[in-house]
Every structure is written in C-alpha cells, then in structure tokens.
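Q: Please take a close look at one part of this model: its enclosed and open spaces, and the aromatic rings that go with them. What lines each space, and how are the rings arranged?

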Amino acid sequence: SKKKEDDEFDAHGIPLKSEYDSIQSPLPIAVVYSVFVLVFMALGQTVAWVIYSLNWKQYDTKISWLASHDLGWIYLGLVIIHRSLNLGISSNLATARKAAKVNVPDQQVYKVYTKPTEPKLGYVLMEQDGDLGRFNRAQRALQNYLEVAPFLLANFLAAGFVFPFPAFCLGILYSIARIVYAVGYTHSPGGRMSGNMFGQLLLAVLEALTLLAGLKAVLDQPFMPQRIVSLPDHAQQLLRHLPSPPGAPTARTTARLTVGGSILVVRGCSRLQARPRDAPP
C-alpha cells in the first residue's frame with residue numbers, strides 16, 4: 001500500500017532501515033565477515049582432508065610433481081589473493097551499504113539534477129516490483145556469478161589437477177547451486193540465500209583442495225633434504241644402466257641407491273638427491 005511504502009522509505013526514496021540491521025552483533029562488519037569466512041574455510045578444510053585421505057597415494061603423486069616444479073606457491077597465492085581481496089572489498093562494500101541504507105539489488109544511487117532554485121527530487125534506484133523487478137534481480141544474479149567466475153574456474157583447474165574427480169563433482173554441484181541462487185534471487189532478494197550458502201560451501205571445499213595441495217607442496221620440501229653430488233663421467237655411465245623403480249617419474253633415467261642411512265636418487269645421471277630412508281618417494 002501507499003502508506004506502507006511511505007513508512008519504509010524517506011522522502012528521497014532511500015530505505016529507512018538497512019538489511020544489515022538484522023545482524024545482531026556489536027562487532028564491526030569486517031569482523032563478522034572474517035568469522036564467516038573462517039567458519040566456511042574450516043568446513044572446507046575438513047571435507048578436503050577427508051577427500052585426500054580416501055586416495056592419498058594417488059594425490060601425493062601429483063603434489064610431488066607440484067613440489068618438484070616449485071608450484072606450491074602458485075596454489076597458495078591463488079587462495080590467499082582471492083580470500084584477502086574478497087574479504088577486504090566485500091567488508092568495505094557492506095560497511096558503506098549499511099551506512100547509506102542501500103539494499104540489494106541496488107548497486108548505485110543516482111541523483112536527479114535540479115536547478116539550485118528548484119526543489120530537490122528523489123534519488124533514482126532500481127525498480128523492484130513486477131516483471132521489471134524480476135528482470136533487475138535476474139540480471140544481478142548473472143553479474144554476481146560473473147564476479148566470482150574467474151576465481152571459481154582457476155580453483156577448479158588448480159584443484160582438478162590433483163583431485164580430478166572430486167573437483168568435477170564439486171563443479172557440477174556448484175553449477176546447480178548457482179542456478180538455485182539465480183532463480184531464488186529473481187523471485188525476491190531473500191530468495192538467493194539458500195543457493196548462496198550452498199554455493200559458498202562448495203567453493204570453500206574446492207578452494208580448500210587447492211590450499212591443501214599448495215601447503216603440502218611447499219611444506220614437504222624441508223622434510224626431504226637434498227644433497228647434490230657431482231659424479232665423474234665413468235660413474236654416470238655406470239648409473240645409466242641401473243633400473244628405475246616402478247612408477248618413478250623419469251625424464252631420462254632415474255636410479256635409487258641405498259648409501260648409509262639415505263636413499264640417493266639420481267635423475268638424468270647428472271646429480272644425486274639424498275633423502276632420509278623413511279621419507280616418502
């Protein structure tokens with residue numbers, strides 16, 4: 001009704017209450033968002049480690065390849081850059097939204113120009129009723145997806161290299177969640193929440209797989225000390241004829257020798273890498 005609309009907005013068309021007023025917390029929005037992110041990251045890590053434990057030998061083979069090419073830092077950077085940017089920018093936006101009382105789906109507030117001698121008119125916001133309102137919210141659902149798509153696809157490819165089938169399943173489920181999100185958002189602003197929460201959880205698991213692979217690729221390095229040994233030509237010729245262990249990654253020739261308490265690994269017969277006897281291959 002007209003009376004109800006007048007009660008919900010001020011004279012310039014700005015809502016009297018912010019959606020963030022429903023968050024019953026004395027903490028700043030940045031802190032609330034940080035807690036939210038940590039909870040989802042913890043849930044994601046829990047699921048990721050369960051996935052890893054189901055087939056860790058196969059996954060460690062890929063992680064060892066990442067470590068050998070020093071790519072663990074790229075995996076860590078992918079997660080850290082995304083989470084830090086998303087948390088900082090989203091917290092800044094939410095703080096500004098709360099102060100301005102501009103709720104979704106509105107993204108900007110436009111001022112109608114009037115001459116100084118003329119009375120000021122109301123602000124221009126998005127239509128939220130009828131077919132035009134549904135169109136605006138459907139458009140926002142599309143834009144929300146495009147905003148997250150680059151990091152989603154990057155994590156899908158990164159995690160999928162080490163965990164191909166789990167990443168495939170998570171990608172399919174995330175696609176369903178985003179469709180539920182879009183349909184719900186088109187119906188009403190609050191209708192997006194179920195798809196959003198489920199999608200955030202799935203993305204957290206996918207990102208946790210990327211983080212797990214990156215951490216193991218980086219942290220496993222110090223526990224596999226290497227000793228580089230120069231061999232004379234005749235010794236290299238001898239080592240070239242030694243058999244490679246089953247499944248060993250070989251570019252040219254790989255040999256392992258037990259010397260003292262270490263396993264000496266020779267790749268390409270150009271250097272020796274010493275690993276403790278109990279170190280993983």
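A: Start with the lining of the largest cavity: five of its residues are nonpolar, one is polar and two are charged. The model is predicted. The residues around this cavity are Met41, Gln45, Val79, Arg83, Ala204, Glu207, Ala208 and Leu211. Helices H2, H4 and H7 each give at least two residues to that lining. H7 has the largest share, four residues. The space inside is about 40 Å³.

The count of cavities of 30 Å³ or more is two. The second largest cavity also holds about 40 Å³. Its lining consists of Val148, Tyr174, Arg178, Gly195, Asn196, Gly199, Gln200 and Leu203. H6 and H7 each supply at least two of these residues. H7 again gives the most, with five residues. By class, the lining of the second largest cavity has three nonpolar, four polar and one charged.

Now the open space. The largest pocket has a volume of about 1300 Å³. Its lining counts 35 residues, and Tyr33, Asn86, Ser90, Asn196 and Gln200 lie nearest the centre. Asn196 and Gln200 also appear in the lining of the second largest cavity. Five helices each bring at least two residues to the pocket: H2 (29–54), H4 (72–100), H5 (130–162), H6 (164–187) and H7 (193–219). H4 gives the most here, with 10 residues. Sorted by class, the pocket lining has 20 nonpolar, eight polar and seven charged residues.

Next, the rings. A pair of aromatic rings is described by the distance of the centres and the angle of the planes. The model has six aromatic pairs. One of them joins phenylalanine 165 and phenylalanine 168: the ring centres are 6.3 Å apart and the planes meet at 25 degrees, so the pair is stacked. The cut-off for stacked is under 30 degrees. Both residues lie in helix H6, three residues apart, about one turn of the helix. Phenylalanine 165 is exposed, because its relative accessible area is 58%. Phenylalanine 168 has 47%, so it counts as partly exposed.

Another pair is formed by tyrosine 181 and tyrosine 185, which are edge-to-face, 5.8 Å centre to centre and with 75 degrees between the planes. The angle cut-off for edge-to-face is over 60 degrees. These tyrosines also lie in helix H6, four residues apart, about one turn of the helix. Tyrosine 181 is buried, since its relative accessible area is 5%. Tyrosine 185 is at 2%, so it counts as buried too. The cut-off for buried is under 20%.

Each of these two tyrosines has an arginine over its ring. The charged end of arginine 178 sits over tyrosine 181, 4.4 Å from the ring centre. Arginine 192 lies over the face of tyrosine 185, 5.5 Å from the ring centre. Arginine 178 links the two topics: Arg178 is among the residues that line the second largest cavity, and its charged end is over the ring of tyrosine 181.

To put the H6 rings side by side: phenylalanine 165 and phenylalanine 168 are stacked, whereas tyrosine 181 and tyrosine 185 are edge-to-face. Phenylalanine 165 is exposed and phenylalanine 168 partly exposed. Tyrosine 181 is buried, and tyrosine 185 is buried as well.

Terms used: Residues numbered from 1 in each chain as written. Predicted model: local features only at pLDDT ≥ 70, side-chain atom pairs only at ≥ 80, totals over all residues. Heavy atoms only, no water. 1 Å grid on protein atoms, 1.4 Å probe; cavity = no way out; pocket = protein on both sides within 12 Å on 5 of 7 lines; lining within 4 Å. Points joined across faces, edges and corners; volume = space filled by probe spheres on them. Nonpolar A, V, L, I, M, F, W, Y, C, P; charged D, E, K, R; others polar. Phe/Tyr/Trp six-rings, centres within 6.5 Å; stacked < 30°, edge-to-face > 60°. Buried < 20%, exposed > 50% of the residue type's maximum accessible area, 1.4 Å probe, protein only. Lys NZ or Arg CZ within 6 Å of the ring centre and 35° of its normal.
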